[in-house]
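The following note is offered to a colleague reviewing this entry. Please read the numbered points alongside the coordinates.

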Amino acid sequence: MTLAWQRERTRLVLLSLAAFLVVAVIIFPFLWIVLSSFRDPDNFLTLELGQAFPTRFDISSYSLALDRSDLFRWIGNSVFVAGATTLLSLLVAAPAAFALARLRFRGSAITGLGLMVGYAVPSITLAVPLFVILVNLRLNNTFVGLILVHTTFTVPFATWVLQDFYRAIPADLEQAGYVDGASLLRVIAHIIVPLSLPGLLAAGAYSFILSWNDFLFASVIMSEADRFTAPVGINAYFTGRNLTESVWAQLMAASVLVSLPSVVLFGIFQRYLVSGFLGGAVKG
Amino acid sequence: MRTLSRRFSRRSKASETGLSAAWAGLTHNAYVQVAGIALVAPATFLLCLVVIAPFVYVIWESLLSGDPATVGVANYRWLFGSDFWTVFRHTLTIAVGSVVLELLVAVPLALLLNRRLFGRGALRALVTLPWAVPTIAVATAFLWLANTHYGLFNQIALSTGLLGEPLAILGEPDFALAAVTVAYAWKGLPLVLIIVLSALQSLPPEQLEAARVDGAWRRGQLQHVILPHLRSSIALAAVLSGIYNFALFDITYLLTGGGPAGATSTLPLLLYNQEFVALDTGRAAAVGVVIFLAGVVALALLAGAGVARRRRYA
């Protein structure tokens, strides 16, 4: 009995170790830029394998990156764009998701179709008309234009994630509200919203990540360095520059910095991702 | 001010009386109709504005702009007369190659992560992390790993004697294509893994237990019980990820820019160059429509395969 238990336990430990190793190998490319970002920027490029690993915790690459480029401003722009995109997306996606998940009404089909098209048309295809339209409306190179464009992928994604949350709320709770004489609006305010708060947070987090990570739209819509988002600014700063030791080190630090908000938000909300993935995966 | 508050209170009262009669049937139904439309209206309006209208416009533009003599087909005639098939082949190679890589890693990994493990939640979170890493950082990571002299890949290959001299990975056509494919697979792995994992979780645990003896798969159980159960999910994940990778622009743009000598030029890059470098919206639109249609064809093949399977087993 004890022997079997011990054998079981040994196997569990070995399997866990193996799984950790495999996962470490998979995420290694990202781990490697994190490790590299803590190296000494003056001795960044080395031909010796042994010197490729950081020997001490050096954050001068980060201060250099923030010092030499407009990274602070670009991150600020990104915070504004991603924040506003998230608010706008939740504002329109939450009511729509609730109606699609809980109400039977005419017009749900056309909204569903809009969502499907929103998923099915790749971003790169939409980039052509959206750019032309924004130029004609004089909204190119503006935050408003970029925020509107980001909703092409955040709204379908957020609606999809939220529908799952609304469907999971027991109908009994809702009906108890109606029986007590509450209106639909009160049922939404007092029963649905509090219960779907985790869903709103998750959908918001994903909208933020998608908007924050976007490179394609931000790079074609923003033409002035003042208005670059962080990914576009980083690319503009390092493209065509002579990649010296210090510049490589700054690139590592800047890339880690721009990844940080997305990675942290994702870490908190990753378990809610399944539904969004199943629905929103086509978006390119 | 007073009229406003009065009007508001009257309206909210009306709605409340409407719903206190909620179970009277018709009144409630009418109310739900109105409420439903009102609730989806903002999202529908926004999506019409930023997705549907632009989508109609891109099709229109692809057909009706360009040489007036051949209106309707001018942009498509140009597209198929250019080096379209070379670019298409690169795009397809990267998309299919990355999906194959994703599946080769995701399916065994999903089977592993579905077992009882220490820190399983943390492992799942960690391994899906590439989804959240911005493409600019993905590009940095692979540029750095693949660097000719200072990249880790070359350093390890040189110090172990695998390579005699450093290899310019992103400078050699075949290796550049491979590097781009790996980067796509890295970014796309979480999607495939999560879909396969959630399909595995829908299998009854007893069935999984019965398929194992002493922690190893019972002979034939993996091929005949587990994998058939996963087949439709794997197909779905492969097609979705393939469509995504087929239309993906920024990783190639940032990693190689289509080089060396066009070896990694993809349809999204072709579109970008037509729209933003050559400033020819009609031609860019034609490329965009072709990218969209490729996705439609892939989905249709998936649906067709599903129908054929169901018919065969019916």
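1. A:Asn141 has a relative accessibility of 7% and therefore counts as buried (buried means under 20% relative accessible area, exposed over 50%, partly exposed in between, with a 1.4 Å probe and protein chains only). The residue sits in the loop between helix H6 (123-136) and helix H7 (143-168) of chain A; helices (H or I, at least four residues) are DSSP runs, numbered from the N terminus. Its phi is near 60 degrees, a positive value in a residue other than glycine. Most residues other than glycine have a negative phi.

2. On the basis of these coordinates: this is a predicted model, in which local features need pLDDT of at least 70 and side-chain atom pairs count only at pLDDT 80 or more, while totals for chains, interfaces and linings use all residues. Residues are numbered from 1 along each chain as its sequence is written, chains are lettered from A and ligands numbered from 1 in the order in which they are written, and side-chain values use heavy atoms, with hydrogens and water left out.

3. A positive phi also appears in chain B, where B:Leu279, a residue other than glycine, has a value near 55 degrees. B:Leu279 belongs to the loop between helix H12 (267-277) and helix H13 (281-313) of chain B. With a relative accessible area of 64%, B:Leu279 is exposed, whereas A:Asn141 is buried.

4. Turning to the interface, 92 residues of chain B are in contact with 99 residues of chain A (contact means heavy atoms within 4.5 Å). The area buried between the two chains is about 8,500 Å², and carbon and sulfur atoms give 80% of it; buried area is the accessible area (1.4 Å probe) that two parts lose on being put together, summed over both. In chain B, the residues that lose the most area to chain A are B:Phe118, B:Trp131 and B:Trp144, together 9% of what that side buries.

5. What is the largest share of the side of chain B that touches chain A? Helix H2 (residues 26-64) of chain B supplies it, with 21 residues. The residues on that side divide into 67 nonpolar, 18 polar and 7 charged, where Ala, Val, Leu, Ile, Met, Phe, Trp, Tyr, Cys and Pro count as nonpolar, Asp, Glu, Lys and Arg as charged, and the others, Gly among them, as polar.

6. Between chain B and chain A there are 0 salt bridges (a salt bridge is a side-chain nitrogen of Lys or Arg within 4 Å of a carboxyl oxygen of Asp or Glu). The count of residue pairs in polar contact between these chains is 8, both residues at pLDDT 80 or more. A polar contact is a pair of N or O atoms within 3.5 Å; within protein, one must be able to donate a hydrogen and the other to accept it, and residues adjacent in sequence count only if both atoms are side-chain atoms.

7. A:Thr111, in helix H5 (residues 108-120) of chain A, is buried because its relative accessibility is 3%. Not counting residues up to four places away in sequence, A:Thr111 touches A:Leu100, B:Val40 and B:Thr44.

8. Over all chains the structure holds 3 salt bridges. One joins A:Glu8 and A:Arg11 at 3.1 Å, N to O; both residues lie in helix H1 (residues 2-26) of chain A, 3 residues apart, about one turn of the helix. Another joins A:Asp164 and A:Arg167 at 4.0 Å, N to O, and these two lie in helix H7 of chain A, also 3 residues apart. In chain B, the side chains of B:Arg283 and B:Asp280 meet at 3.4 Å, N to O.

9. B:Glu102, in helix H4 (residues 84-113) of chain B, deserves inspection. B:Glu102 is buried yet has no salt bridge, and the nearest side chain of opposite charge, B:Lys187, is 11 Å away; Lys and Arg count as positive and Asp and Glu as negative, while His and the chain ends are not counted. Leaving aside neighbours within four places in sequence, the contacts of B:Glu102 include B:Tyr184, B:Leu189, B:Ser241 and B:Asn245.

10. Helix H6 (residues 135-145) of chain B is mostly covered, with 10 of its 11 residues buried. Among them are B:Thr135, B:Phe142, B:Trp144 and B:Leu145.
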